[in-house]
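User: Could you take me through this structure? I would like to start with how far to trust it and then move to the details.
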Amino acid sequence: MQFLIDNFAALTITGLAIGAVYALIALGYTFVYGVLRLINFAHSEVFMYGSFAAVWVVMILGGNVSGSTGQVIFWVAMMFVAAMLMSGFVAVVIERVAYRPLRKRNAPPLIALISAIGASFVLSEAMGLREKIARWFGLDDTLRDYVSNSRNNVPLPTIIKPQGVFNLFGYEVTNVDIFVIVGAIAMMIVLDQFVSRSRLGRGIRAVAMDPEAAALMGVNRDRVIRVTFLVGGVMAGAAAVFYLLKIGITRYDVGFILGVKAFTAAVLGGIGNLRGALLGGFVLGLAENYGSAIVGTQWKDVVSFLLLIVILLFRPTGLLGESLGKARA
Amino acid sequence: MLLEVKGLCVNYGRIEAIRDISFTVEEGEIVTLIGANGAGKTTTMKTISGLRPVRAGTVTFDGQDITDMPSHERPVLGISQSPEGRGCFVGMSVMENLEMGTYARPDRKNKATIKDDLDRVFELFPRLKERTNQAAGSMSGGEQQMLAMGRALMAKPKLLLLDEPSMGLAPKLIQQIFDIVTEINSQGTTVLLVEQNAAQALKRSHRAYILETGEIVREGTGKALAADPAVKAAYLGGDV
């Protein structure tokens, strides 16, 4: 308890930073659920592929990073572009390969769920076995830096050197903390505006609320679904960059626990509800940091899931309630 | 001929919902499909909008075969539907719902045209104008019906499909809704109406078809059918 009080500011800031990452991943779960009533369990791998794309782009472009503000901005921008493209691409491919064929045949939701879990394993193991896959094509020498030790941690060269910016009750809040928290919130504001104001965003909400009525208005459901996966993927790609800047490493199975946490955040806030995902992410990030300060870090995951159970006992639809449309207007 | 349905068959799994239905709607008409629950009225409407796959037969609109056209392309041609149960987007405001009506319009970016159409809808349904910012889900059934019709009109359709606009409404409001249907038609929109309230519907429509268990059993002008003893007995409560 004394530890919690002494380190309250530090725990709060790191909680918010990791919570922002949860929230951005949670958006992908909640977005797809809102439109398709489907939990896309392969979304964790969308995040993981984005994180690798971000690391690789730094390596490809000659990766030794230090120095000027201009360079830092360049590297971070390149990471965002690479991760968002990769994650968006993987998300759209998952939709095309694992879900659309089932949807066209009117498969029951349970089948899509199993397909999702299968897609998750395939994607994660493909990354974990990338050294072997490269060897089949005889590329393992050429790509050695990228594929060797494919089941180990992959570090990101330091892009932004953490520097204290201001002192909050004895904790030096770093530039990385601020960038991650502010950046994630900004992304979510952009998404919120896209969904509530743009024509396509309205089409997405219309399909979420009433697919048949949306079709009567001329909304192309397949297109909406593709955009939904794409947007969720792009957000996961951004999350991957923020995560790398804060944590500094990734690996082929990084998606698993993060995915479960982000899914928890989505349910906590109210699945299908965009603002709920934001709130759920931050609440979860803070709770697991405070909780582990009280009972010990090894209990961190236990704290998060206990919180989920307690909240669902009292509010079965999550903090802000279900549905993509109902929280608005 | 604006709409021609020919030999249409639609199934739900193995169950035949409609069998070999043929009918036409001429430009400028109000045409009504009358029938009991489960007669296939809503299925017919959904099929014209492309929400149900056709097993056999054709649907022709404005000279174009649209039998297999995806549903979301049909509003562009000028087919707009106010569905059974209204189908308002409950989490959107009244204004957002009306704007959804313009989603497929090629001229949706022309603010002046859209504004004119919005004014026309508000003239027909003054209640909507008072509630532009209210969430559709928090409105009464009658108001949601008005919204669904107003939204369908915002698509500026050549053919307006109205599925059970009087369902669940108070008698006074039913009268009002039918008055508005007549008004919409006199302003130049062709209307295909599905109704259980046969007395009102027959009085208002130029022609009508009677559906029983998925087949058309009778057709004629609204007046003639309203005077037909068999129709009276089955749909108008005998002694009307």
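Analyst: The discussion below covers confidence, the interface between the chains, the sheets of chain B and two backbone details.

User: How confident is the predictor in chain A?
Analyst: This is a predicted model. Chain A has a mean pLDDT of 89, and 96% of its residues reach 70 or more. Over residues 325–329 of chain A, however, the pLDDT is below 50, although this stretch has 21 contacts in the model beyond near neighbours in sequence.

User: What should be done with places where pLDDT is low?
Analyst: The predicted coordinates there should not be read in detail.

User: Now the interface. How many residues of chain A are in contact with chain B?
Analyst: There are 20 residues of chain A in contact with 20 residues of chain B. On the chain A side, the elements that give two or more residues are helix H9 (199–209) and helix H10 (211–216). H9(A) provides the largest share, six residues.

User: What is the chemical make-up of the side of chain A that touches chain B?
Analyst: Its residues divide into eight nonpolar, five polar and seven charged.

User: Back to H9(A): is it mostly covered or mostly open?
Analyst: H9(A) is mostly covered, with eight of its 11 residues buried. Those buried are Arg202(A), Gly203(A), Ile204(A), Arg205(A), Ala206(A), Val207(A), Ala208(A) and Met209(A).

User: What covers them?
Analyst: The cover includes helix H2 (8–36), helix H8 (175–197), H10 and helix H11 (221–247) of chain A, together with helix H3 (94–100) of chain B.

User: Changing topic to chain B. What is the strand order in the open sheet of four strands?
Analyst: The order is E2-E1-E4-E5 in chain B, with antiparallel pairing. Strand E2 (15–25) and strand E5 (64–65) of chain B are the edge strands, each pairing on one side only.

User: How many bridges join E1(B) to E4(B)?
Analyst: Five bridges join strand E1 (residues 3–12) to strand E4 (residues 56–61) of chain B, and the two strands run antiparallel. Within this pairing, Val5(B) has Val59(B) in E4(B) as its bridge partner.

User: Which helix packs on that sheet?
Analyst: Helix H1 (residues 41–48) of chain B does, touching E1, E2 and E4 of chain B, and its direction makes about 65° with that of E2(B).

User: And the open sheet of six strands: what is its order?
Analyst: It reads E6-E7-E8-E3-E9-E10 in chain B, with mixed pairing. Its edge strands are strand E6 (79–82) and strand E10 (215–221) of chain B. Neighbouring strands of this sheet are turned by 15° against each other on average, direction ignored.

User: In which sense do E3(B) and E8(B) pair?
Analyst: Strand E3 (residues 30–35) and strand E8 (residues 190–195) of chain B pair in the parallel sense over five bridges. One of the partnerships is that of Leu33(B) with Val194(B) in E8(B). H1(B) also packs on this sheet, touching E3, E6, strand E7 (159–163), E8 and strand E9 (207–212) of chain B, with its direction at about 150° to that of E7(B).

User: What lies across E3, E7 and E8 of chain B?
Analyst: Helix H7 (residues 171–186) of chain B lies across them, running at about 155° to E8(B).

User: One last topic, the backbone. What is notable about the phi of Arg37(A)?
Analyst: Arg37(A) has a positive phi of about 55° although it is not a glycine. Arg37(A) sits in the loop between H2 and helix H3 (43–60) of chain A.

User: Why does Arg37(A) count as partly exposed?
Analyst: Because 13 other C-beta atoms lie within 10 Å of its own, whereas a residue is buried at 20 or more and exposed at 12 or fewer.

User: Where is Thr213(B) found?
Analyst: Thr213(B) is in the loop between E9 and E10 of chain B. Thr213(B) is not a glycine either, yet has a positive phi of about 35°. With 14 C-beta neighbours inside 10 Å, Thr213(B) counts as partly exposed.

Technical notes
Residues are numbered from 1 along each chain as its sequence is written. Chains are lettered from A and ligands numbered from 1 in the order in which they are written. This is a predicted model: local features need pLDDT of at least 70, side-chain atom pairs count only at pLDDT 80 or more; totals for chains, interfaces and linings use all residues. pLDDT is the predictor's confidence in each residue, from 0 to 100. Two residues are in contact if their C-beta atoms, placed from the backbone, lie within 7 Å. Ala, Val, Leu, Ile, Met, Phe, Trp, Tyr, Cys and Pro count as nonpolar, Asp, Glu, Lys and Arg as charged, and the others, Gly among them, as polar. Two strands pair if DSSP finds at least two bridges between them. Axes are lines fitted to C-alpha atoms, for helices over the stretch in contact, and angles run from 0 to 180 degrees between N-to-C directions.
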